[in-house]
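Subject: Structure handover

Hello,

Here is the structure I promised to pass on. Please open it first, then read my notes beside it.

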Amino acid sequence: MHLDPIARRSRKVFLICVVALLFPVMRANDGLAQEPLGSATLQLTLAIGQSALSLGEPVYAILRLVNVGERSVEVFKLLDPQTGAIQIEVSSSNRPRFVFLPLFYADAVHTRTALDPGEAVVAIVPIFYGALGWTFDRPGTYRVTAEYRPQGTPRKDRIRSPAVSVTVTDEHGVGASLLTGSSASEEAAKFLLWQRGDQLQAGQALLTGLLTRHPESPLADYALLAFGRNLSRSFRNYAVGKIREADCEPALNFFQRIRSERLPVFLQIQQRLDEARCFIKLSQPAKALDSMKRAEQLRDGRPEFNLVFQQAIRLEPALGHSSAINPPHR
């Protein structure tokens, strides 16, 4: 379902970004399920990295569906609101309960996997902006829950996560300057969401102004990351019918200004992988290798981040081979 003209032109961009944020089962199995979904063998949790956020700060929900039973069970591989497998609900004292709606709904095949006892499916989902606009649109305390909704099962068999609370504040009115209700504010949200979009010029201008006026704000780091990631990759601008090639030097300048420790870990990993790819393009193999090592340290062996690396390697195969990044001296 297409919800606005800019989103239609950016459908491909959005789908790429969604895939970049969704992580597959930690250890897939090809066997068939042995246990029905309604058997209370599955547990769903939702986590948000920080309990205190700034107004306008991008919010990501970490969803984890775990088999806590003693037998394998068949589940969807992707916990994705876009396909309806997951429904996320938000409420606050100022706003009654509402369902988070993504910008698109995909007609996707619900691929399944057999989840053995102790195994989990993990996804990281951006929930700060969707079809209803900004989700956390004013200061206050919000409760967020998720529900796993497998198709063809009765309501009683749906699995709900415990609620988590986040407090949103707006120090110095930084968020209010971003959440203006204007078309520029909506474009800025999409640019932060997709981390791409040359056509979103009004939104980029609004974020540029925020960087100038409030460089110490937490929002500034997300804006810098979005600008850097956008320039680090080529982009087909459907508004003008042209392809803009990757521009790595200004991209790296944006990356260097980010206080990376203030970002979620998977965004830190994406930053380091994009840095490495740019350094390869600029024929700086030693710096590329250093960025790859930092990305690996952040991953720390956690399989939920494997897909991020796989996608980066598809864009730049040399990232998958240390010898290709930093060939030995002869």
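Start at Gln195. This residue comes just after helix H4 and takes a positive phi of about 55°. Keep in mind that the model is predicted.

**Helix H4**

Now step back into the helix itself. H4 covers residues 183-194. How far apart are its end C-alpha atoms? They are 16 Å apart. Its twelve residues, at 1.5 Å each, should span 16 Å, so the two values agree.

H4 is largely enclosed by the rest of the structure, because ten of its twelve residues are buried. The buried set holds Ala184, Ser185, Glu187, Ala188 and Ala189. Lys190, Phe191, Leu192, Leu193 and Trp194 complete the list.

Take Ser185, which sits in H4. Is Ser185 buried or exposed? Its relative accessibility is 0%, so it counts as buried. Beyond its neighbours within four places in sequence, Ser185 is in contact with Trp134, Leu178, Leu179, Thr180 and Leu206.

**Leu178 and the core**

Leu178 is worth a click of its own. Leaving out neighbours within four places in sequence, it touches three residues of the buried H4 list: Ser185, Ala188 and Leu192. Its other contacts are Gly56, Trp134, Leu206, Leu207, Leu210 and Leu219.

Leu178 also belongs to the largest nonpolar core, which has 86 residues. Which members touch the most others? They are Ile127, Phe136, Tyr148 and Leu178. Helix H6, residues 218-232, gives this core its largest share, with nine residues.

**Strands around E12**

Next, find strand E12, residues 140-148. It has pairings with E6, E14 and E13.

- E6 (residues 86-92) pairs with E12 in the antiparallel sense, over seven bridges. Here Ser92 has Tyr142 of E12 as its bridge partner.
- E14 (residues 164-169) runs antiparallel to E12, and five bridges join them. Thr141 stands opposite Thr167 of E14.
- E13 (residues 159-160) is also antiparallel to E12, with two bridges. Tyr148 stands opposite Ile159 of E13. Tyr148 is the core member named above.

Val168 is a good residue to select in E14. It is buried, with a relative accessible area of 4%. Which residues does Val168 contact, leaving aside neighbours within four places in sequence? Leu53, Ser54 and Leu55 are among them. The others are Phe136, Arg138, Pro139, Gly140 and Tyr142. Phe136 is another of the core members listed earlier. Val168 and Gly56 are 112 residues apart along the chain, yet their C-alpha atoms are separated by 8.8 Å. Gly56 is also a contact of Leu178.

**The disulfide**

How many disulfides does the structure hold? One. It joins Cys248 to Cys278, with the sulfur atoms 2.4 Å apart. The link is left-handed, with -75° about the S-S bond. Cys248 lies in helix H7 (residues 248-256) and Cys278 in helix H8 (residues 265-281), so the pair ties together parts that are 30 residues apart in sequence.

Both cysteines can be checked for burial. Cys248 has 5% relative accessibility and counts as buried. Cys278 has 0% and counts as buried too.

Pro250 also lies in H7. At 26% relative accessibility, Pro250 counts as partly exposed. The C-alpha atoms of Pro250 and Ser232 are 8.4 Å apart, and the two residues are 18 apart in sequence.

**The whole protein**

Zoom out now. The secondary structure comes to eleven helices and 16 strands. The protein has 330 residues, and 52% of them count as buried. About 15,200 Å² is exposed, and carbon and sulfur atoms supply 51% of that area.

What share of the contacts with a separation of 6 or more comes from residues 24 or more positions apart? That share is 72%. The Val168 and Leu53 contact is one example to look up on screen.

Over to you.

Best wishes

Terms used
Residues numbered from 1 in each chain as written. Predicted model: local features only at pLDDT ≥ 70, side-chain atom pairs only at ≥ 80, totals over all residues. Heavy atoms only, no water. Disulfide = S-S within 2.5 Å. Buried < 20%, exposed > 50% of the residue type's maximum accessible area, 1.4 Å probe, protein only. Contact = heavy atoms within 4.5 Å. Areas by Shrake-Rupley, 256 points an atom, 1.4 Å probe, with all protein chains shown as cover. Pairing = 2+ DSSP bridges. Expected span 1.5 Å × (residues − 1). Core = buried A, V, L, I, M, F, W, Y, C linked by side-chain atoms within 4.5 Å.
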